[in-house]
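Q: Can you walk me through this one? I'd like to start with a strand and then go on to the rings.

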Amino acid sequence: MATTLPSSPKIGMVSLGCPKNLVDSERILTKLRSEGYGLSADYAGADVVLVNTCGFLDSAKEESLEAIGEAIAENGRVIVTGCMGEEAERIRARFPQVLAVTGAHQYEQVVAAVHEAAPHTPSPYLDLVPEAGLKLTPRHYSYLKISEGCNHRCAFCIIPQLRGDLVSRRPDAILREAERLVEAGTRELLVISQDTSAYGVDIGYQPRLWRGEEVRAHITDLARALGSIGAWVRLHYVYPYPHVDQLIPLMADGLITPYLDIPFQHASPKVLRAMRRPANEAKVLERLRAWRSICPDLAIRSTFVVGFPGETEEDFAYLLEWLEEAKLDRVGAFRFEPVAGAAANALPDPVPEAVKEERYARLMDLTARLSAEKLAAKVGREIKVIIDAVDPESGGATGRGEADAPEIDGEVHLRDAGHLAPGEIVRVRVEEADAHDLFGVPV
C-alpha cells in the first residue's frame, strides 16, 4: 500500500546585508529544514516569508524596509529578523501587518515565530536536512562564522549596539562545522566575524580537544587547524593586532590563503583618532613591508571611509599618499553616511556631499590605477584559480585567484576551460589584465 506523504509549509527567505547575515540565514533555514519545512524560491509558493535585514547604514535600512514592503505586497505573511529588528517599533509603524520582528542572531525566536505563523506537524518522511546544513552560496565555497559581536566602539559604527560585545565560538565546534562543509563539497572556507583577530579573547583563548589535540581559541591556532582540513582558508575582517604577524608564515607555507581583509578605514592620524581607530599608520606600512618579505604573494584588501566629519583636504591627500605607499591589492570605499545612534553624528565640521563625491572619485581613480599595476605584474605568471562558473558552449570559465574573495574582489576569466567544473582548483597562465580582472588559460 502506497504511503501518502504529508505536505509541509514552505518558507521564503530574503537575506540582505553582509556575509554574517548570510550565515544567520543559512542557520535559520537549516533548522527549519531539519524540522521538515520546505523552501520556496518565490513569494507565491511560500507560506511565510523571512526578511533578514541589515541595519548598519540608513541606506541599508531603507533597502531593508523596501524588501519588507515588497514581501508584504507579494505574499502578505512576513517575519522580520536581523540587525534592523532592533528597530521593531519603526518597522511595525510602517508595516503593522508583519507577523513578528526579532533581532540579530535570535535564531530561536525566529524559528518560534515560524512555528506560530506556519505550524508544521513532524514527519519522519520530511524532517531531513543535508549534513552540512542548507547553504545560500554555491556548493564549493562557504562562510564560516567564528564569533558574534564586537568590543570596539568606532565612532561611525553601531554594530556593538546591534549585535553586542564579542562572543567567540568554541574552536572544536568551528572545526567540526568546517569538516562537515568540506565533506559536503566546500573547497574554500571564508572565515568571518566582526573582528576576526580578536577571536577567543572573551573566553581566555580556552583550548578544546579536536582530533585528539588541543586547539586554542586563538586565530593563529584556529587558522593552522583549518588549514589542515583540505580547503582554501580565507580570512576576513582582520584587525592588525601584533599577533597577526604570526599568520603570515602560515600563508608563506601554503597552509592558508595569502589574503588578508583588513578594514583600515583611513590613514590620517587625526581622522583615525576621531573615528576611535588605531592611529599608527607609519608602523602599519612597516608591517606591510615585513609581511610581504615573508610572503611575497600576500594580497591585502581594505575599505576606507571618505568624507568623515572633520576630514580636511590635507587629511584626504595624506590618505592618497599612504595608499600610493601601501599599494594594497583590493580597495573599497564608502562615502561617510550618518547612522542613527553613532557617535560620529555629533562631530563638528561635516563634509559637504559634493566634496565627498569628488574625493570618492579621486580615491577610486587612484586605486584602479594601483590595481591595474598590480595585476599587470601577474601577466605571464602561473597562479592557482578556483572555478566558480563554466560555459561549456563557449568553452569559457570564470574563477578567482587566491587574491580574490567572491562577490567583492576581481575574477579570472578563462578560455579553453569548458572541461572544468565549479569548485575545481587549477593552475592558470595569466595572459592579460585590466584594472580589476585577469584573463588566462588553464595550464
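What follows is a short chat about a strand, some aromatic pairs and charges over rings.

A: First, this is a predicted model: local features need pLDDT of at least 70, side-chain atom pairs count only at pLDDT 80 or more, and totals for chains, interfaces and linings use all residues. Residues are numbered from 1 along each chain as its sequence is written, and side-chain values use heavy atoms, without hydrogens and water.

Q: Is strand S20 largely enclosed or not, and why?
A: Four of the five residues of S20 (438–442) are buried, so the rest of the structure largely encloses the strand. Buried means under 20% relative accessible area (1.4 Å probe, protein chains only). Strands are DSSP E runs of at least two residues, and helices are H or I runs of at least four, numbered from the N terminus.

Q: Which sense does S19 pair in with S20?
A: Antiparallel, over five bridges. Pairing takes at least two DSSP bridges. Arginine 429 has valine 441 in S20 as its bridge partner.

Q: And S18 with S20?
A: Parallel, over three bridges.

Q: New topic. How many aromatic pairs?
A: Seven. Ring centres of Phe, Tyr or Trp (its six-membered ring) must lie within 6.5 Å; planes under 30 degrees apart are stacked, over 60 edge-to-face, the rest tilted. In one of them, phenylalanine 156 and phenylalanine 308 have centres 6.4 Å apart and planes at 85 degrees, so the pair is edge-to-face.

Q: How far apart in the chain are those two?
A: 152 residues. Phenylalanine 308 is buried, at 0% relative accessible area.

Notes:
Buried < 20%, exposed > 50% of the residue type's maximum accessible area, 1.4 Å probe, protein only.
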